[in-house]
Amino acid sequence: MKELMAVAFLFMLVGLFHSVHATNDGSRYDYSAYTECKQHSEPPLYNGGILKEKIGEIELKNYRTDSGAYSPGFLLYNLTETLIYTFSCWVKIKGTESALVRAKLYTNNGTKCIGTVLARSRCWSFMKGGSMLDSFSQSSLLYFQIGNQNETIISVKSASLQPFTPQQWNQHQDHSIQMKRKRYVTVHVSDSKGNRVIGANISAQQISKDFPFGSAISSEILGNTLYQKWFKERFNAAVFENELKWYATEPQPGKLNYTLADQMLEFIKSNQIMVRGHNIFWEDPVYTPFWVRNLTGDYLKSAVNSRIKSLLTRYKGDFMHWDVSNEMLHFNFYEQRLGPNASLSFFKTAKKSDPLATLFMNDFNVVETCEDDNASVDNYIVRLKELMKGGAGMLQGIGLEGHFGKPNLPLMRAVFDKLATLRLPVWLTEVDISKNFDSQNQAIYLEEVLREGFSHPSISGIILWTALHRDGSCYQMCLTDDKFDHNLPTGNLVDKLLKEWQSKDINGETNEHGSYSFSGFLGEYKVYVSHGGASKNLTFSLNASDETKHVNVQL
């Protein structure tokens, strides 16, 4: 409270004092985001929302407190746990060339990060985030922070704090699902002479899904018919938890062992399940083969080149993705030893070895939180752009691991918005909820994460990190017991969503124009048309498009 009072007093001195009591009427979410630094800021989203900023540019010197350097903010009243708050602004700094600026919200229950931006001194950078409160806060402070750089001056423009009700938030999701995960279909029925057939019976069934939704699997699935049955009844995508990692396939130099991976791939291919390759390299030295840790120079170069060529030549065309360098934001084992261009070299060699595989970066804490400086969304974008500049097709996908505690939904959506500006496929690759929560809360938070991911236009697939181990445990979160006859609350939630995100059996009759229309989730469909004594079966693919799919049937 001492810090809150001190900083609030500073704000009053400079005229930056906002008291918030009411919300705007707007309910449509603005997916706008910017990753380029601009000479001029854009107008505030939602016209400023409940901030309704009118004073233009804000420029103040940091105010030093016991816990670090603070800068101007907004004093707010009566924020509530019943609303979801989205925040955005444009930021520029003086006193250093660039720095990570963090927005924080101080409430009655403590302080939390609500957004970050990699700010620069010569142009304006866009911050986007948000917060969900745990309880009502009579007075709150939204402020900005730059580590311990006390002489750095922060300028803020076009700030916006826009609240949404949970109902409005869900409406955003439903609208996006209708636009991006579904498509309208019109079936036209005619007779052999081309005349419209009125009253023809139409029945349609979705037989496969377009959106990849799956889980990690372990070698425990081999020979376990119950595990195999449970898995293939639910999922159309998979990833091997550990069996492709370098320490698993080459525990000693030159002694390759792909036995488990081969057998797991056989199960995957026999059930027409798509599969991600995880991973070629893991930058964390703890998970680097012990014998590789002692290599340097040409010996290390030779080892990594052999690793890429051996792995991707053996499985050429089998894996749709490869996580090339895992967790590069947090660790740098290879770049530290082989130079700053090592990762780019890995991508180039991987692309030559398997040209059809999509090559990914993959990391944690980008979407889960904004407290991790290494994994801020802008830091991720910087690394992604560096690899994209390495040549056409080098980096082709963005992996977000998604190991969540309690999710911050507006922050999630804001991160998705910023990554979407790169126009690359974005996948949630290792989704789970911390085991620090009980099974019921894991299910509640998992539903929030999955609904946010599935509904966002930029997300191309979701993989759960729920591989079952021999002792019945999982990394953080399981979906079922080890006998596969009793789903846990998280498994029941997944089953509910899988059912919800599939078109129910469709039945109807053609109208006076000889046509029947419906909206269906993207995927493969089987259609049966009958009238009088005539009938016809057909199948068609419902792919993503803004246009209605027209299917012509002649009886």
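**Entry 1: helix α9**

I begin with a term: a residue is buried when its relative accessible area is under 20%. I keep in mind throughout that I am reading a predicted model.

With that cut-off I looked up helix α9, and I noted its buried residues as Val377, Asp378, Tyr380, Ile381, Arg383, Leu384 and Leu387. I then asked which elements these buried residues of α9 pack against. I found the strands β6 (110-120), β16 (358-363) and β17 (397-400), together with the helices α7 (333-338), α8 (342-353) and α10 (409-420).

I also checked the length of α9, which covers residues 377-388: at 1.5 Å a residue its twelve residues should span 16 Å, and because its end C-alpha atoms are 16 Å apart, the expectation and the model agree.

**Entry 2: strands β5 and β6**

Since β6 had come up beside α9, I followed this strand next. Strand β5 (residues 98-107) runs antiparallel to β6, and ten bridges join the two. I noted that β5 and β6 form a hairpin, with two residues between them. For one pair of bridge partners I wrote down Lys104 and, in β6, Cys113. I reminded myself that strands of a sheet pair through backbone hydrogen bonds, either parallel or antiparallel.

**Entry 3: the disulfides**

Cys113 led me to the cysteines, and I asked how many disulfides a search of the whole structure finds. The search finds three.

I took Cys113 up first, and saw that a disulfide joins Cys113 to Cys370, with 2.0 Å from S to S. This link is left-handed, with -130° about the S-S bond. Cys113 lies in strand β6 while Cys370 lies in the loop between β16 and α9, so the pair ties together parts that are 257 residues apart in sequence. Are these two cysteines buried or exposed? Cys113 counts as buried at 6% relative accessibility, and Cys370 is buried with a relative accessible area of 6%.

I then turned to Cys37 and Cys123, which form a disulfide with their sulfur atoms 2.0 Å apart. The link of Cys37 and Cys123 is right-handed, with 105° about the S-S bond. The pair links distant parts of the chain, for Cys37 sits in the loop between α1 (2-14) and β1 (58-61), whereas Cys123 sits in the loop between β6 and β7 (125-132), 86 residues apart. Cys37 is partly exposed, with a relative accessible area of 25%, but Cys123 counts as buried at 10% relative accessibility.

I looked up Cys474 and Cys478 after that, and found them joined by a disulfide, again with 2.0 Å from S to S. The torsion about their S-S bond is about 115°, so I recorded this disulfide as right-handed. Cys474 is buried with a relative accessible area of 12%, and Cys478 is buried with 13%.

Counting the bonded cysteines along the chain, I wrote the pattern as 1-3, 2-4, 5-6. Cys89 is in no disulfide, and the nearest cysteine sulfur, that of Cys113, is 12 Å away from it. Cys89 is buried, with a relative accessible area of 0%.

**Entry 4: a sheet of three strands**

I went on to an open sheet in which three strands stand in the order β22-β10-β25, with mixed pairing. Why is one side of β22 and of β25 left without a neighbour in the sheet? Both β22 (515-521) and β25 (549-554) stand at the edges, and each has a single partner strand, so one side of each has no neighbour there. Leaving direction aside, neighbouring strands of this sheet are turned by 25° against each other on average.

I then looked at β10 (residues 182-190), which pairs with β25 in the parallel sense over six bridges. On this strand I found Val185 opposite Lys549 in β25. Helix α2 (residues 166-180) lies across β10 and β22, and I noted that it runs at about 45° to β10.

**Entry 5: the nonpolar cores**

Last, I looked up the largest nonpolar core, which has 134 residues, and those with the most contacts inside it are Phe213, Phe240, Trp322, Leu419 and Leu450. For Phe213 I set aside its neighbours within four places in sequence and listed contacts including Phe235, Asn236, Leu450, Ile462, Val494 and Trp501. A second, separate core has 27 residues, among them Ile50, Phe87, Val91 and Ala103.

Notes: Residues numbered from 1 in each chain as written. Predicted model: local features only at pLDDT ≥ 70, side-chain atom pairs only at ≥ 80, totals over all residues. Heavy atoms only, no water. Core = buried A, V, L, I, M, F, W, Y, C linked by side-chain atoms within 4.5 Å. Buried < 20%, exposed > 50% of the residue type's maximum accessible area, 1.4 Å probe, protein only. Contact = heavy atoms within 4.5 Å. Pairing = 2+ DSSP bridges. Helix = DSSP H or I, 4+ residues; strand = E, 2+ residues; numbered from the N terminus. Axes fitted to C-alpha atoms, helices over the stretch in contact; angles between N-to-C directions. Expected span 1.5 Å × (residues − 1). Disulfide = S-S within 2.5 Å.
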